[in-house]
Structure formats: C-alpha cells, structure tokens
Amino acid sequence: LQRCYLTPSRYSGVGLALCRRLLEEEDEDGDGRIHLCITCRNAQKSQATRDLLLASHPAARVSSVEVDLGDLASVLRAARELRRRYRITKTAPSLITPTPCPLLTAVFFPSPRRFQHLDFVYLNAGIMPNPHVNFKALWHGLLTGKVLHMLTTAEGIMSQTDRLNGDGLQEVFATNLFGHFILVRQLEPLLCGNERPSRLIWTSSSNARESAFSLADYQHAKGQESYSSSKYATDLTSVVLNRRFNKQGLYSSVVCPGLVMTNMTYRILPVFLWKLLMPIMWLIRFFAKTYTLTPYNGAEALLWLFKQKPEYLDALVKYHSCTSGLGKNYVEPRKIHVDEDTAEKLYQKLLELEKQTLEKYSHLLD
C-alpha cells in the first residue's frame with residue numbers, strides 16, 4: 001500500500017522538517033510507500049520546497065498544490081481539485097498532490113480496491129501578525145517566580161494586532177482555524193467511511209488558553225491575543241470532530257511543537273536580540289523541556305503520531321514535542337482542559353459561518 005501525506009508547509013520551519021523526517025522514515029523502511037503532497041501559498045515556493053526535498057531524497061515522490069488558508073476561495077479551489085483527483089478508479093492509482101497552504105501535510109494510502117483517500121492531513125498552517133512583548137509583565141514574572149511558566153506558555157507577555165482579511169474575517173482566526181475547518185469539511189468524502197482510518201493532526205500551542213477565548217467573540221476581534229484564542233479554538237474543534245466522526249473512521253489529534261526558532265518566532269524580537277538570548281535559551285531547556293528550538297525537534301510529536309494507532313489515542317490529550325537538556329527528543333502527552341459544551345457551541349458557529357461561505361462561493365463548488 002502506498003502512503004500519501006498532505007502537508008501545508010512553507011519553505012522552512014516545522015512543516016519542512018516533518019517532510020524530511022517522513023522521507024527519512026521511508027529511507028529506513030525501504031518500502032517506497034510514501035507520497036508527500038506539500039502545500040504552499042504560491043507555485044514558486046511549492047516548487048522550491050519540492051526541489052529541496054528531492055535534492056536529499058531523489059527517489060522520493062513529492063507533489064504540490066497551491067492554497068492560501070487565509071483565502072476561502074483558494075481553500076475551496078484546492079479542495080475541489082483534490083476531490084477531482086482522488087476518486088474511485090479502475091486503473092492503477094495515480095499519485096497526486098494535495099492542497100498548498102502555509103503549513104499542512106497529508107498522507108494518502110490507496111486501498112487494494114484503488115479507492116484513493118486521505119490517510120493523514122497535517123493541519124499546521126499558522127500566522128502570528130504584529131507580535132508584541134510585554135516586558136513589564138515579564139519583569140513582574142521574574143520577581144514573582146512565574147517567569148518560567150510565562151516563558152514556556154507566553155501567558156501574559158504576548159499580544160498581537162489582528163486585522164480583517166479579504167473575506168471580512170479576522171485574519172488569524174481565518175488562517176489558523178477556519179481555513180483548515182473548511183478544507184476538512186470539503187474533503188470529508190475522502191476522509192470518512194473508508195477501510196482504513198484517516199487522521200487529522202492539528203498544530204496547536206502551549207499558548208492556547210481558555211482565558212483568551214470567548215464564544216461571543218470567537219474570531220477575537222476585540223482582544224489582543226488572537227493567536228492564543230485561535231489555538232484554543234483549534235483544541236475545541238478537534239474534540240468535537242472526534243465525537244462526531246470517530247465512528248466513521250476519522251480521528252483528530254492536537255500537538256504542540258514547543259518553542260521553535262522559525263520565521264514566525266524571529267518576528268517577535270529583533271534578530272540580534274534572539275542571537276544574544278540563544279545561549280540562555282539552551283540553558284533554559286534543562287528546566288523547560290518544550291524549548292525544542294529547532295524545527296527538526298519540533299516535528300517530533302507530529303512524526304510520533306504518524307506511528308500510532310488512532311483508536312488508542314486520547315481525544316482529550318495534546319501531544320507535546322519535548323527535548324531534554326542533553327538534546328534527546330521525546331513526546332509528552334498532557335491533558336487539555338476544554339469544556340465540551342463550549343466546544344459543541346463553537347462547532348455550531350463554525351458550521352453557520354461555513355454555510356455563509358458556501359453561499360458566497362457557490363460557483364467554486366462541484
């Protein structure tokens with residue numbers, strides 16, 4: 001059986017590291033079953049990422065699709081293309097690419113009866129626009145002994161300035177959650193009711209906090225912690241997806257890659273300041289195991305989940321990538337504290353917003 005992975009991934013970061021690690025797994029197995037489908041916002045970056053992967057794994061099968069998860073029309077076009085590509089066929093299965101978006105990986109396993117479906121979809125696209133650090137709160141945490149907690153969760157020290165996107169939605173909500181939600185909903189025929197289970201793996205964060213989220217303002221238009229709100233909403237959505245779709249063979253999990261030095265992270269502080277802080281951050285890792293720091297380490301939980309049987313995973317657990325002070329990678333499961341009634345109400349709001357979206361873009365549907 002061939003395995004196909006859909007990955008919304010940029011030219012760098014955890015998404016690219018995950019692609020590399022999946023291909024390394026194939027090199028070790030030597031079974032030639034993996035097909036990577038990478039997603040980026042534009043064709044140029046998709047091709048550059050593909051070339052980079054093929055340079056180190058020339059025998060790999062890598063394809064791409066273009067999608068911007070912050071643009072609902074782009075998401076619907078990509079989903080339509082995927083539905084057209086993955087259908088019942090009487091001929092040998094053709095290896096095809098999934099939708100391109102900022103950070104997403106999908107894995108497909110064509111069945112013996114040639115029905116191609118999505119086995120894995122890694123939903124790791126994310127943005128954090130205009131980040132600000134509250135140094136006064138950080139200093140207060142240092143004096144009160146809460147600084148380690150603040151440094152590992154960014155609680156009370158991080159804020160963002162969000163804005164509306166072209167669809168009239170809050171940009172962070174649209175990119176980090178709703179674009180993924182629409183994609184999953186549009187791909188349900190490829191994810192549910194198949195012989196083998198399908199998996200959704202969402203990239204959440206230790207910064208996901210209930211205190212930053214409000215059902216009355218689920219897009220977080222009135223607050224300054226849009227990133228935290230969107231990641232908590234991701235946790236809620238995953239819980240409901242499991243409740244609704246496990247019996248149809250679709251399972252959802254959430255992960256936290258830890259603190260990883262990526263383009264998103266480098267926008268929080270000036271680069272020169274990060275370079276000054278790096279020795280301290282390596283030291284902090286002896287006390288804060290979620291300081292994974294490198295994209296390779298951050299992809300640990302994403303890769304670990306790929307090897308697990310979904311039936312035995314806890315839907316109320318977030319899987320954290322961790323790295324010890326001596327550099328050993330491992331995964332730590334931690335309970336997520338969500339109110340299931342709130343989760344269901346959010347899901348209903350997402351369905352209502354989906355209905356409005358499909359009415360607006362009905363010309364992009366089959």
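**Exercise 1. Is Asp235 buried or exposed in this predicted model, and which side chain does the Asp235 side chain meet in a polar contact?**

Start with the accessibility. Asp235 comes out at 3% relative accessibility. The cut-off for buried is under 20%, so Asp235 counts as buried.

Next, place the residue: Asp235 sits in helix H8. Now look for a polar partner. The side chain of Lys318 is 2.9 Å away from that of Asp235, and the two make a polar contact.

Finally, list the neighbours, skipping residues up to four places away in sequence. Asp235 touches Ser204, Ala208, Val254, Lys318, Ile336 and Val338.

**Exercise 2. Work out how strand S9 is covered and which strands it pairs with.**

Take the burial first. S9 spans residues 250-256, and seven of its seven residues are buried. Split them by face: Leu250, Ser252, Val254 and Cys256 go on one side, while Tyr251, Ser253 and Val255 go on the other. Both faces are covered. Val254, by the way, is one of the residues that Asp235 touches.

Then check the pairing. S8 (residues 198-203) runs parallel to S9, joined by six bridges. For a handle on the register, Ser198 has Leu250 as its bridge partner in S9. S9 also pairs with S10 (residues 317-323), again in the parallel sense, over three bridges. Here Cys256 stands opposite His320 of S10.

Last, add the helix. S8, H8 (residues 226-245) and S9 form a right-handed β-α-β unit.

**Exercise 3. Which residues does Pro333 touch, and how many Å separate its C-alpha from that of Val255?**

Locate it first: Pro333 belongs to strand S11, which covers residues 329-335. Leaving out residues up to four places away in sequence, Pro333 touches Val317, Lys318 and Tyr319. Lys318 is also the polar partner of Asp235.

Now for the distance. Pro333 and Val255 are 78 residues apart along the chain, yet 8.9 Å separates their C-alpha atoms.

**Exercise 4. Describe the surroundings of strand S2 and its link to S3.**

Begin with the count. S2 covers residues 34-40, and seven of the seven are buried, so the strand is largely enclosed by the rest of the structure. On one side you find Ile34, Leu36, Ile38 and Cys40; on the other, His35, Cys37 and Thr39.

Move on to the partner. S3 (residues 61-66) pairs with S2 in the parallel sense through four bridges, with Leu36 opposite Val62 of S3. The connection includes helix H2 (residues 43-56): S2, H2 and S3 make a right-handed β-α-β unit.

**Exercise 5. How far does helix H3 reach, why is it largely enclosed, and which residue caps its N-terminal end?**

Do the geometry first. H3 runs over residues 72-85 and has 14 residues. From first to last C-alpha it reaches 20 Å, close to the 20 Å expected at 1.5 Å a residue.

Then burial: 10 of the 14 residues are buried, so the rest of the structure largely encloses H3. Among them are Leu72, Val75, Leu76, Ala79 and Arg83.

Now the cap. Asp71 takes that role at the N-terminal end, with a side-chain oxygen 3.1 Å from the backbone nitrogen of Ala73.

**Exercise 6. How many helices and strands does the chain have, and what percentage of its residues is buried?**

Count the elements: there are 13 helices and 11 strands. For burial, 57% of the 366 residues qualify. To round off, the chain exposes about 16000 Å², with carbon and sulfur atoms supplying 54% of that area.

Key: Residues are numbered from 1 along each chain as its sequence is written. This is a predicted model: local features need pLDDT of at least 70, side-chain atom pairs count only at pLDDT 80 or more; totals for chains, interfaces and linings use all residues. Side-chain values use heavy atoms; hydrogens and water are left out. Helices (H or I, at least four residues) and strands (E, at least two) are DSSP runs, numbered from the N terminus. Buried means under 20% relative accessible area, exposed over 50%, partly exposed in between (1.4 Å probe, protein chains only). Accessible areas come from the Shrake-Rupley method with a 1.4 Å probe; for residues, only the protein chains shown count as cover. The expected span of a helix is 1.5 Å times one less than its number of residues. A polar contact is a pair of N or O atoms within 3.5 Å; within protein, one must be able to donate a hydrogen and the other to accept it, and residues adjacent in sequence count only if both atoms are side-chain atoms. Two strands pair if DSSP finds at least two bridges between them. A crossover is right-handed if, with the strands pointing away from the viewer, the path from the first strand over the helix to the second runs clockwise. Contact means heavy atoms within 4.5 Å.
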